[in-house]
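Thanks for making time for this. I would like to take you through one structure, and I will ask you to keep it on the screen while I talk.

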Amino acid sequence: EALYHTILHSYWLFVVTQKDNVQKMFSDNLDLSFMDVFALFGCDLLAGGLSGAAVTPVISAVDRALAENASGRAKLWPSFFGSLREYASRPLTYVRGPQFFYIWIIYGGTYVAANTVETICSLRNEDPSGPKWVATSTVNTSTCIMKDRAFAQLFGTAVASNVPMGAYAAWLSRDFLSMGVFFTAPPIVGEMMKGYTGSAQS
């Protein structure tokens, strides 16, 4: 619970201390006040957080099942359905627990990064493709590493061994490519398909 409060406090502190910089950054948009920009970022934060929360229960159950099955602590499917039953029977306790938090921070954080970059680039009339790729890859990779370490401690039984550098390189490459496919490629491909379908949303 303290981590949730820390995240919200950090966001508010950033907004308050960076007010002048935000106004200068978007000075070309004379129709937007600081509170307008603040509201846009607030919507990005809310939408990303809710999207992350929507996918977290199932994904956290999958990740816990994989961790417990790999360590021999529990079988795959009993662990998976056990997590879902825990969520259904005690949702508030589940949401406040570490199993929910670490998955939510991955997906919620990644969605927030994508939304925020999209908003910033839109206000500055810049192409968001590159910045969004870098931002989502950075957030997703760092939070995934944090989650993997936490889940190993929470649901594993064996002492963790040293991870080869090649494994880190493979994980980084996977995350970088997947973020490009998930967040950067769709608008680009949509524009390419527009000539055939008449709409980039098709």
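**A phenylalanine at the surface**

Let me begin with phenylalanine 81, which is partly exposed, with a relative accessible area of 42%. Before going further I should say that this is a predicted model, and that phenylalanine 81 is found in helix α4.

That residue also belongs to a group, since Val58, Val62, Leu66, Leu76, Trp77 and Phe81 form a nonpolar patch on the surface, and together these residues have about 560 Å² of accessible area. The elements that give two or more residues to this nonpolar patch are α3, covering 34–71, and α4, covering 76–89.

Stepping back to the whole chain, the protein has 8 helices and 0 strands, and from the N terminus on its elements run α-α-α-α-α-α-α-α. Of the 202 residues in the protein, 31% are buried, while the accessible surface comes to about 12700 Å², with 65% of that belonging to carbon and sulfur atoms. If we take the contacts with a separation of 6 or more, residues 24 or more positions apart account for 71% of them.

My last stop is asparagine 125, and here I would ask you where asparagine 125 has its place. The answer is the loop between α6, which spans 98–123, and α7, which spans 129–155. Although asparagine 125 is not a glycine, it has a positive phi of about 55°. Is asparagine 125 buried or exposed? Its relative accessible area is 70%, and asparagine 125 is therefore exposed, given that exposed means over 50%.

Key:
Residues are numbered from 1 along each chain as its sequence is written. This is a predicted model: local features need pLDDT of at least 70, side-chain atom pairs count only at pLDDT 80 or more; totals for chains, interfaces and linings use all residues. Side-chain values use heavy atoms; hydrogens and water are left out. Helices (H or I, at least four residues) and strands (E, at least two) are DSSP runs, numbered from the N terminus. Buried means under 20% relative accessible area, exposed over 50%, partly exposed in between (1.4 Å probe, protein chains only). Patches are made of residues with over 30% relative accessible area and no salt bridge: like charges are joined within 9 Å, nonpolar side chains (Val, Leu, Ile, Met, Phe, Trp, Tyr) within 5 Å. Accessible areas come from the Shrake-Rupley method with a 1.4 Å probe; for residues, only the protein chains shown count as cover. A salt bridge is a side-chain nitrogen of Lys or Arg within 4 Å of a carboxyl oxygen of Asp or Glu. Contact means heavy atoms within 4.5 Å.
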